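User: I am new to this structure and would like a close look at a single part of it. Please take the helix that runs through the last stretch listed as transmembrane, and explain how it sits among its surroundings.

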Amino acid sequence: MYEIIAEISRWAIPLTLLLVPLVAMLRGVSVFETFVEGAAEGFTTAVKTIPYLVAMLVAISIFRASGAMEVLVHALSPILDPLGFPPEVLPHAVMRPLSGGAALGIATDLIATHGPDSFIGRLVSTMQGSTDTTFYVLTLYFGSVGITRYRYAIISGLAADLTSLVASVFIVNQLFR
């Protein structure tokens with residue numbers, strides 16, 4: 001059974017990349033022109049997102065460079081330890097809704113320091129895979145298309161991030177402690 005799944009996985013993307021243009025051609029769609037139009041729209045969207053991306057990255061850099069992250073970790077350590085949440089993982093939990101790249105960098109450092117099979121390594125890996133970059137999505141994508149009223153999207157996104165964080169801590173504590 002494993003061999004069948006492995007073989008399907010190996011051929012899924014190449015077959016999709018072959019079949020989609022083939023079906024489009026059979027339906028009379030001019031594949032190349034449609035691809036070029038989509039690429040042009042993608043480029044326009046990318047150019048629109050640059051100011052939002054720069055603003056967000058500067059804000060994240062200021063937050064980290066100012067020492068605010070360390071102050072937050074130190075202040076919350078007494079509360080988090082009894083909950084089974086190692087304080088070393090808090091910078092990742094704070095950065096994940098802001099920036100996937102920064103969170104991945106923190107996760108990489110934690111895994112390099114503590115090991116991939118350590119409790120902290122497993123916890124940060126679970127958190128990295130189960131949470132999203134809420135503010136990145138809101139800033140970049142909502143800003144690039146002109147959405148200015150996204151209060152409920154922030155609340156929903158952060159609630160999902162918090163739920164994923166609590167679930168990650170609970171599940172990793174149950175499975176690996």
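Analyst: What follows looks at helix α8 and its surroundings, and then turns to the salt bridges.

The model is a predicted one, in which local features need pLDDT of at least 70 and side-chain atom pairs count only at pLDDT 80 or more, while totals for chains, interfaces and linings use all residues. Residues are numbered from 1 along each chain as its sequence is written, and side-chain values use heavy atoms, with hydrogens and water left out.

Helices here are DSSP runs of H or I with at least four residues, and strands are runs of E with at least two, numbered from the N terminus. In an unreviewed entry, UniProt lists residues 12-32, 52-73 and 152-176 under "transmembrane region"; such annotations may be inferred rather than shown by experiment. Helix α8 covers residues 151-176. Its expected span is 1.5 Å times one less than its number of residues, so its 26 residues should span 38 Å, and the 37 Å between its end C-alpha atoms agrees with this.

Within α8, Gly157, Asp161, Ser164, Leu165, Ser168, Val169, Val172 and Asn173 are buried, where buried means under 20% relative accessible area, exposed over 50% and partly exposed in between, with a 1.4 Å probe and protein chains only. Among the elements that cover these buried residues are α4, α6 and α7 (134-144). One point of contact (heavy atoms within 4.5 Å) is Leu123, which touches Ser168, Val169 and Val172 as well as Pro86 and Val89, leaving aside residues up to four places away in sequence.

Leu123 is also among the residues with the most contacts inside the largest nonpolar core, which has 24 residues; such a core is a set of buried Ala, Val, Leu, Ile, Met, Phe, Trp, Tyr and Cys residues joined through side-chain atoms within 4.5 Å. Helix α8 gives two or more residues to this core, as do α2, α3, α4, α5 and α6.

Away from that core topic, there are two salt bridges, each a side-chain nitrogen of Lys or Arg within 4 Å of a carboxyl oxygen of Asp or Glu. Asp117 pairs with Arg122, their closest N and O atoms being 3.9 Å apart; Asp117 is exposed at 59% relative accessibility, whereas Arg122 is partly exposed at 28%. The other joins Arg10 and Glu7 at 3.0 Å, N to O, and these two are three residues apart in helix α1, which means about one helical turn separates them.
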